[in-house]
Amino acid sequence: EEDDDSYGLEKHPHTTLLYGLHEDVNPDDVKDICINYSFETLTLHNCSSFNSEKFDVLKFDVKGENLFECNEELAQLPHTTDHPDYHPHSTIAYLKKGTAKKYIKLLEDKEYKVIPEKIVYSLTDGSNMSWKITKQEKDI
């Protein structure tokens, strides 16, 4: 439908660190892990898509320091996932089926630098908690 507002830009762009933490995981344990990492500049690159039942989902792969390390540490907490290999990405838009190729072509050689501001822990009840990302001094 033309007036269906479920299509369009991702309303809350993000890069998932780990999906599927169990309901009984203590949020303080998540925070204690995440605040030890600095996520300074991330690079969005390699535009591609995956198909859902309803949409073409446009995404960029994400490169950046500490993504894999934080994922590995978070994965020590009880969680369930259908995707055992971590592949950091950011969803950009939900498109009408069959339209992603046009946008992938437009964005195929593009890279974008982004600086994340916070870590958000989305709880199973739909609420969330967030922590400001601290910038850490690099050793010289």
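In this predicted model, strand β2 (residues 42-51) and β5 run antiparallel and are joined by three bridges. That pairing is one piece of an open, antiparallel sheet of five strands, in the order β1-β4-β3-β2-β5. Let's start with the sheet, then look at the helices, the aromatic rings and a few residues with an unusual backbone angle.

**The five-stranded sheet**

- Look at the two ends of the strand order: β1 (8-9) and β5 (112-114) are the edge strands, and each has a single partner, so one side of each has no neighbour in the sheet.
- Helix α3 (residues 100-107) packs on this sheet, where it touches β2, β3 (55-63), β4 (89-96) and β5. The direction of α3 makes about 25° with that of β3.
- On the β5 side of β2, Thr 43 has Lys 113 as its bridge partner, and Leu 44 stands opposite Tyr 112.
- Thr 43 also has a bridge partner in β3, namely Lys 63.
- How many bridges pair β2 with β3? There are seven, again in the antiparallel sense, and the hairpin that joins β2 to β3 runs through three residues.

**A closer look at Ser 48**

- Ser 48 is a residue of strand β2. Its relative accessibility is 19%, so Ser 48 counts as buried, the cut-off being under 20%.
- Which side chain does the side chain of Ser 48 make a polar contact with? The partner is the side chain of Lys 59, at 2.8 Å.
- If you skip the neighbours within four places in sequence, Ser 48 is in contact with Val 57, Leu 58, Lys 59 and Ile 104.
- A handy rule for reading strands: in a regular one, side chains alternate between the two faces of the sheet.

**Helix α1 and what covers it**

- Which residues of α1 (residues 27-34) are buried? They are Val 30, Ile 33 and Cys 34.
- Those three residues span an arc of only 90° around the axis, which means they sit on the same side of α1.
- The general idea behind this is that an α-helix has 3.6 residues a turn, so residues three or four places apart point the same way.
- The cover over the buried residues of α1 includes α2 (67-74), β6 (118-122) and β7 (128-132).
- At the N-terminal end of α1, Asn 26 acts as a cap: one of its side-chain oxygens lies 2.7 Å from the backbone nitrogen of Asp 28.

**The β6-β7 hairpin**

- β6 and β7 are paired by five bridges and are antiparallel. In one of these pairings, Ile 119 has Trp 131 in β7 as its bridge partner.
- The hairpin has five residues between its strands, and Gly 126 in the hairpin takes a positive phi near 95°.

**Aromatic pairs**

- There are four aromatic pairs in the structure, and two of them are worth a look here.
- A pair of aromatic rings is described by two things, the distance of the centres and the angle of the planes.
- Tyr 37 and Phe 39 have ring centres 6.3 Å apart and planes at 35°, so this pair is tilted. Both Tyr 37 and Phe 39 are buried.
- Phe 68 and Tyr 86 have ring centres 5.3 Å apart and planes at 80°, so this pair is edge-to-face.
- Where do Phe 68 and Tyr 86 sit in the chain? Phe 68 is in helix α2 and Tyr 86 is in the loop between α2 and β4, so the pair links distant parts of the chain, 18 residues apart.
- Is Tyr 86 buried or exposed? With a relative accessibility of 18%, Tyr 86 counts as buried, whereas Phe 68 is partly exposed, with a relative accessible area of 47%.

**Positive phi away from glycine**

- As background, most residues other than glycine have a negative phi.
- Asn 46 goes the other way, with a positive phi near 55°. Asn 46 is in strand β2, and its 41% relative accessibility makes it partly exposed.
- Asn 66 is not a glycine either, yet its phi is positive at about 75°. You can find Asn 66 in the loop between β3 and α2.

Definitions and conventions:
Residues are numbered from 1 along each chain as its sequence is written. This is a predicted model: local features need pLDDT of at least 70, side-chain atom pairs count only at pLDDT 80 or more; totals for chains, interfaces and linings use all residues. Side-chain values use heavy atoms; hydrogens and water are left out. Two strands pair if DSSP finds at least two bridges between them. Helices (H or I, at least four residues) and strands (E, at least two) are DSSP runs, numbered from the N terminus. Contact means heavy atoms within 4.5 Å. Axes are lines fitted to C-alpha atoms, for helices over the stretch in contact, and angles run from 0 to 180 degrees between N-to-C directions. Buried means under 20% relative accessible area, exposed over 50%, partly exposed in between (1.4 Å probe, protein chains only). The arc is that of the directions from the helix axis to the C-beta atoms. A polar contact is a pair of N or O atoms within 3.5 Å; within protein, one must be able to donate a hydrogen and the other to accept it, and residues adjacent in sequence count only if both atoms are side-chain atoms. Rings of Phe, Tyr and Trp (its six-membered ring) pair if their centres lie within 6.5 Å; planes under 30 degrees apart count as stacked, over 60 as edge-to-face and the rest as tilted.
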